[in-house]
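Colleague: I have some "why do you call it that" questions about this model. Can we go through them one at a time?

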Amino acid sequence: MAFQCQRDCYMKEFVTSVVSCCPAELKHEVNGKKETLKGFNVKLQDTILFPEGGGQPDDHGLIGDVSVVRVTRQGPEAVHFVSSALEEGQQVQVKLDWERRFDHMQQHSGQHLITALADALFGYKTTSWDLGRQRSTIELDTPSVKAAQLQTLEEAVNEKIRAHVPVNVQLLSIDDPAVEKVRSRGLPDDHAGPIRIVDIEGVDANMCCGTHVSNLSHLQVIKLLGTEKGKKNKTNLIFLAGNRVLKYAEKSFSAERSLVSLLKTGPDEHVEAVDKLQKSAKLLQKTNLSLLRDMAVLIAQNFKNDPQRGSFFSLHKKEGDNEFMNIILCVVLAELGPRVLEILQGKGAGKNGRFQGKANSLARRGEVEALLQQHCKQLTSGEE
């Protein structure tokens with residue numbers, strides 16, 4: 001059967017009755033952590049809350065005053081997971097989280113349109129897609145998409161949106177000859193009832209269970225953000241549709257205003273200004289590192305040449321880092337490097353107060369340990 005959400009994708013409230021309610025558990029992700037929630041699985045006579053499927057996430061909403069956490073499909077039925085029990089047989093009002101639903105409708109219909117035109121223009125087939133929380137991705141069966149093709153595709157999909165092309169839904173029996181003419185990636189094993197066809201007039205007819213806009217003009221606009229390398233010689237095409245494009249533009253404009261304030265330049269000069277800052281920062285980092293290294297060598301040499309030195313050395317420098325301290329230690333112990341490598345049959349060299357090498361044999365490791373112990377005793381006694 002087709003649910004009410006599939007018969008009328010724009011319905012926001014609906015009165016129905018509870019068919020069954022039984023205790024259940026749901027593995028749910030909260031703040032990045034998976035938790036097991038205890039609650040109830042509720043089946044309704046009909047529903048305007050779309051159960052997850054066809055690449056589209058489920059709807060959110062209320063049954064009465066009880067929040068619906070998840071909606072899944074089991075054969076011909078939709079199962080609503082809720083936190084509180086509902087009485088079987090009672091009439092309930094179902095309210096839809098319309099903002100979430102309409103966003104899903106825009107992204108899903110946008111995917112159908114992009115998929116159809118990518119195939120028509122370039123012969124690139126869609127092998128899968130993902131409706132993400134912030135952006136959506138279409139997997140195309142091609143190793144790459146050229147920048148010019150991307151621009152052509154974006155212009156073509158937005159031209160269809162401006163043309164106010166109708167989007168119609170048909171319900172066909174599975175043995176209807178028309179079913180063979182529509183695009184499909186196959187039916188789920190537990191499919192039941194008629195076949196649902198989403199038809200973008202004159203553009204594409206596709207077997208689909210999801211919710212869609214009734215006219216391409218409701219998509220407002222589609223922005224192709226670019227591509228990423230996919231798996232097995234495929235390409236992931238990233239896109240935004242409808243309100244997501246507006247939110248993306250607002251976020252970008254907000255970032256632009258902040259950069260104008262920080263860089264003291266207009267938007268057209270931001271790239272050049274950041275490039276200059278990066279080059280200047282790299283030069284300063286290089287100069288600062290060189291000075292720190294020189295300072296580390298001088299501090300270490302001053303310690304070694306101090307006739308009153310002991311075996312304990314303490315230094316705190318706010319601007320220092322691990323490399324700064326390593327230089328000091330290497331200078332203090334640098335004279336041991338060649339002797340250690342000779343014993344261990346290794347090779348190495350010293351540079352800028354540092355010594356490093358590779359040992360080829362650890363057979364005489366005990367001699368090295370004895371050498372280091374003797375050196376520590378000399379430091380303690382003040383001998384060279």
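**Asking for the reasons**

Modeller: Let's begin with T211, which is placed in the loop between strand 11 (204-207) and strand 12 (222-229). Keep in mind that this is a predicted model.

Colleague: Why is T211 called buried?

Modeller: Buried means under 20% relative accessible area. T211 has 0% relative accessibility, so T211 counts as buried.

Colleague: What does T211 touch, leaving aside neighbours within four places in sequence?

Modeller: T211 is in contact with C5, C9, F50, Q56, R101, M105 and H108.

Colleague: And what makes the T211 and Q56 pair a polar contact?

Modeller: The cut-off for a pair of N or O atoms is 3.5 Å. The side chains of T211 and Q56 come to 2.8 Å, and that pair is a polar contact.

Colleague: Over to Q6, in helix 1 (residues 4-7). How do you know whether Q6 is buried or exposed?

Modeller: By the number again: buried is under 20%, and Q6 has 9% relative accessibility, so Q6 counts as buried. The Q6 side chain also reaches the backbone oxygen of C209, at 2.7 Å.

Colleague: What about V92 in strand 6 (residues 91-96)? Why is V92 put in its burial class?

Modeller: V92 has a relative accessible area of 6%, so V92 is buried. Not counting residues up to four places away in sequence, V92 touches F14, V15, T16, V18, L44 and I63. Take V18: V92 and V18 are 74 residues apart in sequence, yet 7.2 Å apart in space, C-alpha to C-alpha.

Colleague: How much of the chain is buried?

Modeller: Buried residues make up 37% of the 384 residues. The chain has eight helices and 15 strands.

Colleague: On to helix pairs. Why is helix 2 described as it is relative to helix 4?

Modeller: The axes of helix 2 (residues 98-122) and helix 4 come within 9 Å and cross at roughly 100°. Angles of 65 to 115 degrees count as roughly perpendicular, and that makes helix 2 roughly perpendicular to helix 4. In this contact, E99, F102, D103, Q106 and Q107 of helix 2 meet N243, R244 and K247 of helix 4. By class there are one nonpolar, three polar and four charged residues.

Colleague: And what makes helix 4 and helix 5 oblique?

Modeller: The axes of helix 4 (residues 243-263) and helix 5 (residues 270-304) come within 11 Å and cross at roughly 50°. Roughly parallel needs an angle under 35 degrees, and roughly perpendicular starts at 65. Helix 4 and helix 5 are therefore oblique to each other. The crossing is left-handed.

Colleague: Which residues meet there?

Modeller: From helix 4, E256, L259, V260 and L263; from helix 5, H270, A273, V274 and L277. They divide into six nonpolar, one polar and one charged.

Colleague: Last one: why is N233 called exposed?

Modeller: Exposed means over 50%. N233 has a relative accessible area of 60%, so N233 is exposed. N233 lies in the loop between strand 12 and strand 13 (235-241).

Colleague: What is notable about the phi of N233?

Modeller: Phi of N233 is near 60°, a positive value in a residue other than glycine. Most residues other than glycine have a negative phi. H164, in the loop between helix 3 (147-162) and strand 9 (167-172), also has a positive phi, near 55°.

Methods. Residues are numbered from 1 along each chain as its sequence is written. This is a predicted model: local features need pLDDT of at least 70, side-chain atom pairs count only at pLDDT 80 or more; totals for chains, interfaces and linings use all residues. Side-chain values use heavy atoms; hydrogens and water are left out. Helices (H or I, at least four residues) and strands (E, at least two) are DSSP runs, numbered from the N terminus. Buried means under 20% relative accessible area, exposed over 50%, partly exposed in between (1.4 Å probe, protein chains only). A polar contact is a pair of N or O atoms within 3.5 Å; within protein, one must be able to donate a hydrogen and the other to accept it, and residues adjacent in sequence count only if both atoms are side-chain atoms. Axes are lines fitted to C-alpha atoms, for helices over the stretch in contact, and angles run from 0 to 180 degrees between N-to-C directions. Angles under 35 degrees count as roughly parallel, over 145 as roughly antiparallel, 65 to 115 as roughly perpendicular and the rest as oblique. A crossing is left-handed if the near helix is turned anticlockwise from the far one by less than a right angle, and right-handed if clockwise. Contact means heavy atoms within 4.5 Å. Ala, Val, Leu, Ile, Met, Phe, Trp, Tyr, Cys and Pro count as nonpolar, Asp, Glu, Lys and Arg as charged, and the others, Gly among them, as polar.
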